[in-house]
Amino acid sequence: MTKKKPDTLSKIDSTVERNKMPEADFTIVGIGASAGGLGALQAFFKNMPAGSDSGMAFVLVQHLPAAYKSNMGQLLRHYTSMPVIEIEDGMVVMPDNIYIIPPNRNLSLQSGRFQLCELEITRGASHSIDYFLRSLARDRRERAICILLSGTGSDGTLGLKAIKGEGGMAMVQDPGSAEYDSMPRSAIATGLVDLVLPPQEMPPQLIAYVRHPYLNTPKLVSSPDQINANALLKIYSLLRAQTGHDFSGYKQNTLGRRIERRLAVKQIERLDDYIRYLEQNPLEVKELFREFLIGVTSFFRDAEAFVVLKNEVIPRLFNEKSPGDAVRVWVPGCSSGEEAYSIAMLIQEHLDVLKAYYQVQIFATDIDSRAIEQARSGIYPASIADDISPERLARFFTPTLDNHSYQIKKTIRDMLIFAEQNVFENPPFSRLDMVSCRNLLIYMNGELQKKVLYLFQYALNRDGFLFLGSSETLGEFMELFNTIDQKYKIYQSKGIVTPRLFMKKYDLIQRKAVKSAHGRTADDRENASMSKLIERVLLRQFAPACVVINERGEILYIHGRTGKYLEPAQGEMNMNILQMAREGLRLELTTAMRKAMAQKVPVYCQGLRVRTNGAAITVNLTVSPITEDQYPLPHLLMVVFEEVKLPEVLNSTQEVAAAQDPDLQKDAQIVAMERELRNKEEHLQTIIEQLETSNEEYQSTNEEFQSTNEELETSREELQSVNEELSTVNAELLQSIEELSRSNNDMHNMLAGTGVGTVFVDLQQRIKRFTPPATKVINLIDADLGRPLGHISANIVDYDHLVEDVQAVLDTLKPQERQLKTRDGLIYLMRILPYRTLENVIEGAVLTFVDITVQQQLQGSANRLAVVVKDASDAVTVLDYEGRFLAWNPGAQKLYGWSEAEALSMTIHDVVPEAKQKETLAVIKKLAGEVKITPFQTQRLTRDGTIIDVWLTATPLINKSGETYAIAVTERGLGKG
């Protein structure tokens, strides 16, 4: 009998697979295919060099019907020498293997292990390819490769974007060679595909890419030790000359890795060679430009951040607005528009709650003109349904005619204005209520980030909101914003102008003034110069000393000589006016500042006695808000110091004369009282200083409390994280309990449904569980659970050592088998086996009772029939439907010459002459179709090669299910042919 070939869909022991440690240094190729993909896959693997040891793992993701059992393994075995494995949950990915997704499952990759979950169908379409490719991008980053083959729909497009965003590579089947081209064309439309090839041409390119130094010598260009700065500047110059955009302010490591990837795709190893290639191929410059712009984006990316945005920010955009007012939002670096549309949906949902009209303007900008065009169209692949709730999908999107895409409804599109703009070279938008700039700053170096953040601060209204990406931070600009949500990087502008910002605006004012002076006549310029000269003289000679401060007292600008009123504080440099104020000014200055800031009116303090250089002077103090209409500088104060000249104090001679004159005595008393008043002032100043010292101590304590509060907040976050982990563990335990309950129910139904009596006993032979059929052999009821087996009476004839046999099995661990007869005349086959746990621990025994009464009766009939067949003079044989002999009686041996042992390794073709082969196959096919065959004459071969005539009767054999499983053949010899 010939052995059946093993199934090519390798069944690897899942326990061994799960115990393997994942490898992280090899490439994984995700291959997506749908309708017409089989031929493409066969062509691909047929041209994959045998024994190439590429070190890649291939994962095939198809659209399969839920109940369909794929034969992909068997179909691919003729085209590849690599093992083809059906994926199991938790299986470790290993190189040089082909993995196939099972039907009705979504597949993801996490830390080098496959994760399977229930397939979700959205609007009748599966997005299993996108689902896997996105996880592949996260897990393998630049070692992820995407290949999309023939198929319908747009599945795979978003996954391709994710892989490109992480630095991976994408190949797509040439639509001209695809049986169905919808899926390849959708991917090519993104403009992100590296290679478009027929399947048979992909393997050489794939192997060359994987062997390139980009994947085998990390950081070829981006490593600081290997950077050719001059070469990178040449590349930046080529890009600037052709695209008009300067990338020199972007992070070198990020752009370096993007350049390396283009070298790998083009099979160029040296940077200088690539520069020459760029100079000779302008199209490659455009491809590199697009490579730099690739970003990862999706609708409601970081869903929890958008929940906070919806609850904490969107309603506050309308707090100070009246119906009909404008709400202005800017989304720089919008890419293909998903984030901008997400914000528009949130705003529309809030407008529906307010039931009022507001003029919403969302400016979405990017330097990528192709991305802007796609965003304007508002058309996205159908797989976005995985990122958007069904309610929003139905409300804000319309399916396209081919059902392969969705389009944003016009009511939402009308809110947005898409424009091509360079955020740090073109003028920004202004008077904005919110700026959403997520995952753009991370690509810029520190100086460029500062420039962009300056622009955002300038563009935002007071109390406007800034929404950044999870990996971005404000850095030194934290003082300009209040934190709304630290985790999701949502901030609110304070509208504060820092010294650097003030000088920047001052310079802008000066430049505007100079610019406005251009074009004047010579007389106008001369008059303007004379006017400015006079103004400067007047300011220098007559204008009092003054300073400009912000709301925290920081000095931004100084005019005139202020040394009489201010002096640097001891210690570290501190330009706070309250710390620099001389004795006699600080208390009144503090009060005046608060009053001027709160009431927006000037505050005057006259006759202040200020100690300066050992003497005392009288000073008038004015603190007023700056409210220049043309160049408003909010929250700034001007502090003016004006010294008051008093008559000189009487000299000593005048004091003697004053003693003789009553009027002069009064004057002397006044002088004494003034002296006493000064002493009181000095004492009061001492108290004030003591209070200030106490205030500093309180401030220090407050800082300690603040530090403690931050530590408590950190602890709270840690506890929240632990709580989330416990919730996850609890959910897993609940799921395990549900699975255990289902398994228990399955086991109960299986034991009850088999009709086999089963009794479980522990090591002391106490009954733990039994099935209803067991009560026909042993008289058991539910109350017997926990009782010793020996205390229960049995319905067995001529057998009274059941307890001893069970104990023998427990002692020796050797199963026992016996036939028993009950008082009802039924015959049972009893088996006693050890009860083993999964840890191979013996915890008792299992007794099974199988009713074999009918089999025993049939066995007698079968034995009698066997005697008849054995003694028959005719040849009696049994064949399966592949022509293999399953039975061969002595009459067949006598007629044909082969022994039974020899015949069982033969097929029907070995005993049929060549001329009768087709006839025999036709008979077998008819019998397989349950067609009755009348006896007929034919020919057979004997062992010595003689052809004899036989009379043949063939009958199909039918099992209990009514299905034919074999053919019984009786042949009687008629002599030689």
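Is Asp273 buried, partly exposed or exposed? Asp273 is partly exposed, at 28% relative accessibility, where buried means under 20% relative accessible area, exposed over 50% and partly exposed in between (1.4 Å probe, protein chains only).

A word on the model: it is predicted, so local features need pLDDT of at least 70 and side-chain atom pairs count only at pLDDT 80 or more, while totals for chains, interfaces and linings use all residues. Residues are numbered from 1 along each chain as its sequence is written, and side-chain values use heavy atoms, with hydrogens and water left out.

Asp273 has a charged partner, Arg270. Their link is a salt bridge, meaning a side-chain nitrogen of Lys or Arg within 4 Å of a carboxyl oxygen of Asp or Glu. By this rule there are 38 salt bridges, including these:

| Pair | N to O distance |
|---|---|
| Asp194 and Arg262 | 3.3 Å |
| Asp273 and Arg270 | 3.2 Å |
| Asp352 and Arg395 | 1.5 Å |

Asp352 sits in helix α14 and Arg395 in helix α16, 43 residues apart; helices here are DSSP runs (H or I, at least four residues) and strands are runs of E (at least two), numbered from the N terminus. Asp352 is partly exposed at 31%, and so is Arg395 at 36%.

Asp194 and Arg262, by contrast, are both buried, at 12% and 3%. Both belong to a salt-bridge network with Lys164, Arg261, Glu284 and Glu291.

Away from the charges, Cys146 lies in strand β10 and is buried, with a relative accessible area of 0%. Met171 is 25 residues from Cys146 in sequence and 6.2 Å away in space, C-alpha to C-alpha.
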